[in-house]
Amino acid sequence: MQNQQFSGISSSAVTPQINYQNILQQLLLSLAANAQKEQLVQQLGNNKQIQQLISAINETNKVNQTSNAVSQAQVPAQNPLEIFNQENPGFFDKSARVDVLNYIRNFDMDKDEISKIAKMIETLENSAIDGYLKQTAHDKTLNDENAAAKSKLTAYAQNSAIDGNNNKVFTREEIGKMSGDEFVKNEKLIMEQVRQGLIK
Amino acid sequence: MNFLDIINKCLLELNYRQVNAFSELVKNDHKRIKTIINIVNQEICTANNWNFLLRKADIFIPANTTEIDNTVNGRILYMLVDGKKYHYVDDAELFLSGNAKDNIYSSCADKLLFPKSPKQRNAQVVYYTKNCVKDAQGNEKTEMTVQTDSSIIPAPFAEQLLTYGTCLRLKANPSYIRFSYWMSMYKEALANLKSTSSIDSKDAPVVRLLRQ
């Protein structure tokens, strides 16, 4: 009868209370196997000191379990979002991130999942910045090319106007009266007319 | 075009304020311009054997005389003594020692040296004058000093040469915006002066174009 009881309790990973009892029972069984087995077991089972020891251990286990339950009840379980906010303060404060935060509140996510989403947000933002910078550089290049094309067109227009206005030849008097800026502006035409011997 | 006109042309090219009277030229830049105009004028005149510099002088050589004061104000081109052409030699010792041959002459210590002759002689000298300036009355001088002085360089070219030459010398900076223009105009005027100052057609400048 007692053997059936001991053999029915073979697992040691149930509760701490059963663990202690199991250990003692297995100890008793091993002692009984070596000596007088059932008689000795009965004697030991009837032994008041051992029974007191077992009951004391059981009492201690009960007290421990009660105190653990009380302590678990006193400390409330922390929200993963709050834990994430403590580790990354202000991460979801930015305007666009608030929408993501409001969305993920509807899901029961743990801290790791929130961290993955945070990384995804950062990756998306960085890629958006890179894209913007590339777009800006491209726009600048286009603007420069447009400006160069405009200046070429202007130069062509000016040259064609000069070519079409051959009668306009500067005199030395006119050139002498020119300011520095005016001379620079007309320098190409003046030097061309000098080469052609047109300036008198 | 007189000295004041040239100065005002330079002032115009240099974007300075022009003046109405010679007495207004009191600034340092004005003095520099006046000095440089004279330097450029002298350089142009002495750089070539210009025909417009040729002058003629007569020299009287007394009998038994080997040396006379050099009154020729310039570089001698021809020395004709009694119709015979004399050639210049550098060696003055021949004349000082009395061993000079006929038809040669030399100079030493501002004296003209000739072979000794018992007869008096007349020499005709053709020379390039050192006087590059003339005053209002046409008297030649070495430098322009007053408003009415003018260069001996022929009129169509003197103004252009002196104006641009002075601006080039005054600025002396090829990176200056008008430097290339001044240089081109100066060279053009110099080339034109060269081409028009030749009297003999065989002496006129020739441009040869070669095809490679």
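**Helix packing, sheet order and chain contacts in a predicted two-chain model**

Helices α2(B) and α4(B) pack with their axes 9 Å apart, at an angle of about 115°. The model described here is predicted, and the values reported below are computed from it. In passing α4(B), helix α2(B) makes a right-handed crossing. On the α2(B) side, the residues that take part are Arg32(B), Ile33(B), Ile36(B), Ile37(B), Val40(B), Asn41(B) and Ile44(B). They meet Leu161(B), Leu162(B), Gly165(B), Thr166(B), Arg169(B) and Leu170(B) of α4(B). Classified by residue type, this contact of α2(B) with α4(B) comprises 8 nonpolar, 3 polar and 2 charged residues.

Both of these helices also help to cover helix α1 of chain B, which spans residues 3-13. Of the 11 residues of α1(B), 9 are buried, so this helix is largely enclosed by the rest of the structure. The buried set consists of Phe3(B), Leu4(B), Ile6(B), Ile7(B), Asn8(B), Lys9(B), Cys10(B), Leu11(B) and Glu13(B). The cover over these residues includes α2 (28-47), β10 (150-151) and α4 (155-171) of chain B, together with α8 of chain A. After α1(B) comes Asn15(B), a residue with a positive phi, near 60°.

Chain B further contains an open sheet of 7 strands with mixed pairing. The strand order across this sheet is β1-β7-β3-β4-β5-β6-β2. Its edges are formed by β1 (54-61) and β2 (67-69) of chain B, each of which pairs on one side only. From one strand to the next, the twist averages 30°. At the β2(B) edge, 3 bridges connect β2(B) with β6(B), the strand of residues 111-113, and the two run antiparallel. Within this part of the sheet, Asp69(B) stands opposite Lys111(B) of β6(B).

The secondary structure of chain A, by contrast, comprises 9 helices and 0 strands. Along the sequence, chain A accordingly reads α-α-α-α-α-α-α-α-α. Of the 200 residues in chain A, 4% are buried. When contacts in chain A between residues at least 6 apart in sequence are considered, 55% are found to join residues at least 24 apart.

One position in chain A, Val100(A), illustrates the local surroundings of a helical residue. Val100(A) lies in helix α6 of chain A, which covers residues 95-104. It has 18 C-beta neighbours inside 10 Å and therefore counts as partly exposed, given that 20 or more would be required for a buried residue. Leaving aside residues up to four places away in sequence, Val100(A) touches Ile117(A) and Ile121(A). Ile121(A) is 21 residues from Val100(A) along the chain, and the C-alpha atoms of the two are separated by 8.7 Å.

The two chains meet through 10 residues of chain A and 10 residues of chain B. On the side of chain A that touches chain B, α8 (172-177) and α9 (180-195) each supply at least two residues. The most is given by α9(A), with 6 residues. By class, this side of chain A contains 5 nonpolar, 4 polar and 1 charged residues. Helix α8 of chain A is thus a contributor to the side that touches chain B, and it is also among the elements covering the buried residues of α1(B).

Methods:
Residues numbered from 1 in each chain as written. Chains lettered and ligands numbered in written order. Predicted model: local features only at pLDDT ≥ 70, side-chain atom pairs only at ≥ 80, totals over all residues. Helix = DSSP H or I, 4+ residues; strand = E, 2+ residues; numbered from the N terminus. Buried ≥ 20, exposed ≤ 12 C-beta atoms within 10 Å, placed from the backbone. Contact = placed C-beta atoms within 7 Å. Nonpolar A, V, L, I, M, F, W, Y, C, P; charged D, E, K, R; others polar. Pairing = 2+ DSSP bridges. Axes fitted to C-alpha atoms, helices over the stretch in contact; angles between N-to-C directions. Left-handed = near helix turned anticlockwise from the far one by under 90°.
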